[in-house]
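User: I've got a model open and I'd like to learn how to read its strands. Can you walk me through it?

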Amino acid sequence: MALDLTGLSAYTDENAMDLIKESILRGRTVDLIQVQGGIKSAATINRLSTTLNAQAGACGWSATGSTTLDQRTITVCDIKINEAICLNDLEDYYTQVMMNPGSYNTDIPFEQLFAENKRDAIMALVEDLVWRGDTSGGSGNLLLCDGFVVLFDAGITASSTLYGTYSTTTFDTVNNSGIIDMVDEMVADVPSNIINNTDLHLFMSYANFRTYAKELRDANLFHYTGAENQGADFSLMVPGTNVRAIAVRGLDSADRFCLAAASNLYIGTDLLSDAEDFKIFYSQDNDEVRFLAKWKIGVQAAWLNEVVWYVGV
């Protein structure tokens, strides 16, 4: 008599490998620009500027010139994440072998991996909000707060010498140096009073950075090797300048380039570590594990007239 296996399903070993978390491109803008903490709702960036009116030397006193004290306001948005997990649901799947004996489940069996994945996702969300948050035109999580794109689109317009446009389709053309020319044009637009700053950054998406790096290489600029940390952290010095081109997750799909001193850009928050100091706890009343993260975030530039802003069309 032949062996009858029609009542069985093909076996798949679901426990042979460890559980692995997804890869998430975390943000890094927070580590590059200014952070103003202690903000519960709004706070000011206090500015000072001066006007000098020099005169020919002579006896007497004729007061001229002025000193101006003014402010720009950072308004922060309250953001939270609430998630609930019924651990009983894990008993019906391969995850049951990770759980402790007994019916009183109070801990996620893969809690460390769960926490690491949440941390990376929150840092990615913070980065996205810093750049692409849009309370009127965004979608999903990006509706929660306005970011630099909204701020600069409104404050740096076509009438400004700091504003420019570029063709997004040109950058997709093989062996086209349009992005090199555009970056050089942006550097030329930097206001003369900040051109010698040591923290000038040209922020762009990862896709545009890779296009820029490729075109620099293909242009065969003789001495240029593209070796300035390019492979390690997606940043490089724009050849012949003091400007560092750097890729940031927050500008992915935004079709924007931003050239500014890092010291001119601000992130407002209450406590910087709030977003990472989330809580995972067992709720006995609800018989579930809960995840809670809360933080505040907002952005501002101290001086809009020191930001070069190029928009893709």
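Analyst: Sure. Helices and strands here are DSSP runs, at least four residues for a helix and at least two for a strand, numbered from the N terminus. In this predicted model, that comes to six helices and 13 strands.

User: How much of the protein is buried?

Analyst: Buried means under 20% relative accessible area. By that cut-off, 39% of the 313 residues are buried. As for the outside, the protein exposes about 17900 Å², with carbon and sulfur atoms supplying 50% of that area.

User: Let's pick one strand. How many residues of β6 are buried?

Analyst: Five of five, so to speak: β6, residues 200-204, is mostly covered. Now look at the two faces. L200, L202 and M204 point one way, H201 and F203 point the other way, and all of them are buried.

User: Which strands does β6 pair with?

Analyst: Two strands pair if DSSP finds at least two bridges between them. One partner of β6 is β9 (residues 256-261), which runs antiparallel to it and is joined by four bridges. Another is β8 (residues 244-247), paired in the parallel sense, also over four bridges.

User: Where does F203 sit in those pairings?

Analyst: Follow F203 into each neighbour: in β9 its bridge partner is C258, while in β8 F203 stands opposite I246.

User: And what share of the contacts in the protein links residues 24 or more positions apart?

Analyst: Counting contacts with a separation of 6 or more, residues 24 or more positions apart account for 75%.

Technical notes. Residues numbered from 1 in each chain as written. Predicted model: local features only at pLDDT ≥ 70, side-chain atom pairs only at ≥ 80, totals over all residues. Heavy atoms only, no water. Buried < 20%, exposed > 50% of the residue type's maximum accessible area, 1.4 Å probe, protein only. Contact = heavy atoms within 4.5 Å. Areas by Shrake-Rupley, 256 points an atom, 1.4 Å probe, with all protein chains shown as cover.
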